[in-house]
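Colleague: Please take a close look at the charged side chains of this model, and set them in the context of the fold as a whole. I should like the reasoning laid out step by step.

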Amino acid sequence: MGRKYNLNGTTPEEQLAINLIEQQVVDVYRNITRINYDPQANKLKDDFIANVLPGDLKPLSTWLGDKAFVAKSTISYCDFLLFEVLYKISIHAPGSLDPFPNLKKFIERIMSLPQMVEYFKNSTPIPFNGISAQWNPSA
């Protein structure tokens, strides 16, 4: 889909960066999902937020730096994937993005895209996970 809609970078370097960051984002998402569905989620989430999540977010923050998007100035499918994960984190663990102001600005940047503004204006909050999730906020 990224290639079909020209959301996969324009140079080999951008495409490589997108692929690498995509996998980092998937790892972060997997870590969150593991906690969401764990029967002991309520006991595990505080440690996860304090000790695991910062280590997951730091490489993303470092990579993004002051770039507008994962592929520098060109938006890619990976930006939407990163947005989704960061947005969920901002709801699951309020304040956890505070040490990473560039990640918070990234969320704001994506949310300010006209299509995203329209989507959020017309969407109804729903849980992020299935009904069996133990830690399942909605937005």
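Modeller: A helix is taken here as a DSSP run of H or I with at least four residues, a strand as a run of E with at least two, and the elements are numbered from the N terminus. In those terms the protein chain of this predicted model reads α-α-α-α-α along its sequence. Its radius of gyration is 15 Å, close to the 14 Å that the globule rule gives for 139 residues, so the chain is as compact as a globular protein of that length. The secondary structure amounts to five helices and zero strands. Along the principal axes, the C-alpha trace covers about 45 × 35 × 25 Å.

Two further values describe how the chain is packed. Of the contacts with a separation of 6 or more, 67% involve residues 24 or more positions apart. Buried residues account for 36% of the 139 residues. The protein chain exposes about 8,200 Å², of which 57% is supplied by carbon and sulfur atoms.

Turning to the charges, the chain carries 14 positive and 14 negative ones, and the mean positions of the two sets are 2 Å apart. The count of salt bridges comes to four, and three of them can be described in detail.

In helix 1, which comprises residues 12-37, the side chains of Arg30 and Asp27 meet with a distance of 3.3 Å from N to O. These two residues are three positions apart within helix 1, about one turn of the helix. Asp27 has a relative accessibility of 36% and therefore counts as partly exposed, since that class lies between the 20% and 50% limits.

Helix 3 holds a pair of a similar kind. Lys88 forms a salt bridge with Glu84, and their closest N and O atoms are 3.1 Å apart. Both residues belong to helix 3 and are four positions apart, again about one turn of the helix. The two partners fall into separate burial classes: Lys88, at 10% relative accessibility, counts as buried, whereas Glu84, at 36%, counts as partly exposed.

The third pair joins Lys104 to Asp98, with the closest N and O atoms 2.8 Å apart. Lys104 has a relative accessible area of 32% and is partly exposed. Asp98 is also partly exposed, with a value of 47%.

Asp79 is a charged residue without such a partner. It belongs to helix 3, which spans residues 77-92. Asp79 is buried yet has no salt bridge, and the nearest side chain of opposite charge, that of Arg109, is 7.0 Å away. That distance falls outside the criterion, because a salt bridge requires a side-chain nitrogen of Lys or Arg within 4 Å of a carboxyl oxygen of Asp or Glu. Beyond residues up to four places away in sequence, Asp79 touches Phe69, Val70, Thr74, Phe106 and Ile110.

Some uncharged residues help to place these pairs in the fold. Val26 lies in helix 1 and is partly exposed, with a relative accessible area of 26%. Val26 and Val85 are 59 residues apart in sequence, while their C-alpha atoms are 8.6 Å apart in space.

Trp63 belongs to helix 2, residues 41-64, and is partly exposed, with a relative accessible area of 35%. Outside its neighbours within four places in sequence, Trp63 is in contact with Ala17, Ile21 and Val70. Val70 is also among the residues touched by Asp79. Trp63 and Ala17 are 46 residues apart along the chain, and their C-alpha atoms are separated by 9.3 Å.

Ile35, in helix 1, has a relative accessibility of 3% and so counts as buried. Leaving out neighbours within four places in sequence, its contacts are Ala41, Leu44, Lys45, Phe48 and Trp135. A charged residue, Lys45, is thus one of the contacts of this buried side chain, given that Lys counts as positive. Ile35 and Asn122, by contrast, are 87 residues apart in sequence and 30 Å apart in space, C-alpha to C-alpha.

Notes: Residues numbered from 1 in each chain as written. Predicted model: local features only at pLDDT ≥ 70, side-chain atom pairs only at ≥ 80, totals over all residues. Heavy atoms only, no water. Rg over C-alpha atoms; globule rule 2.2 N^0.38 Å. Buried < 20%, exposed > 50% of the residue type's maximum accessible area, 1.4 Å probe, protein only. Contact = heavy atoms within 4.5 Å. Areas by Shrake-Rupley, 256 points an atom, 1.4 Å probe, with all protein chains shown as cover. Charge placed at Lys NZ, Arg CZ, Asp CG, Glu CD.
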